[in-house]
Amino acid sequence: AVIVSRRHGNAVQRNKIKRYYREVFRLEHHHLSSHLDILLRPYIKSSHNFALIKDNYKKFVIDIKGEL
């Protein structure tokens with residue numbers, strides 16, 4: 001699930017961020033096992049950048065793999 005608070009902008013901007021996160025997950029979900037539930041919640045306003053979201057997601061996957 002993707003949760004984007006109002007501090008990230010109006011509905012159009014929030015939906016754009018959600019689309020970015022969903023697309024990154026779609027492209028990179030094969031790196032994770034299927035038994036995980038993931039809740040994505042951006043904290044910084046610079047999360048409007050698709051490349052930054054993708055890089056951070058890859059780092060997240062590496063961290064999660066190390067803990068499993």
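User: Setting aside residues up to four places away in sequence, which residues does valine 2 touch?
Analyst: This is a predicted model, where local features need pLDDT of at least 70, side-chain atom pairs count only at pLDDT 80 or more, and totals for chains, interfaces and linings use all residues. Numbering runs from 1 along each chain as its sequence is written, and side-chain values use heavy atoms, with hydrogens and water left out. Taking contact as heavy atoms within 4.5 Å, valine 2 touches Lys18, Tyr21, Arg22 and Leu40.

User: Which elements give two or more residues to the largest nonpolar core?
Analyst: Such a core is a set of buried Ala, Val, Leu, Ile, Met, Phe, Trp, Tyr and Cys residues joined through side-chain atoms within 4.5 Å, with buried meaning under 20% relative accessible area, exposed over 50% and partly exposed in between (1.4 Å probe, protein chains only). The largest one has 11 residues, among them Val2, Tyr21, Leu40 and Tyr57. With helices taken as DSSP runs (H or I, at least four residues) numbered from the N terminus, the elements giving two or more are α1 and α2.

User: Which side chain meets arginine 26 in a salt bridge?
Analyst: The rule asks for a side-chain nitrogen of Lys or Arg within 4 Å of a carboxyl oxygen of Asp or Glu, and the count comes to 1. Both partners lie in helix α1 (residues 11–28), 3 residues apart, about one turn of the helix. At 2.7 Å, N to O, arginine 26's partner is glutamate 23.

User: Is glutamate 23 buried, partly exposed or exposed?
Analyst: Its relative accessibility is 28%. Therefore glutamate 23 counts as partly exposed.
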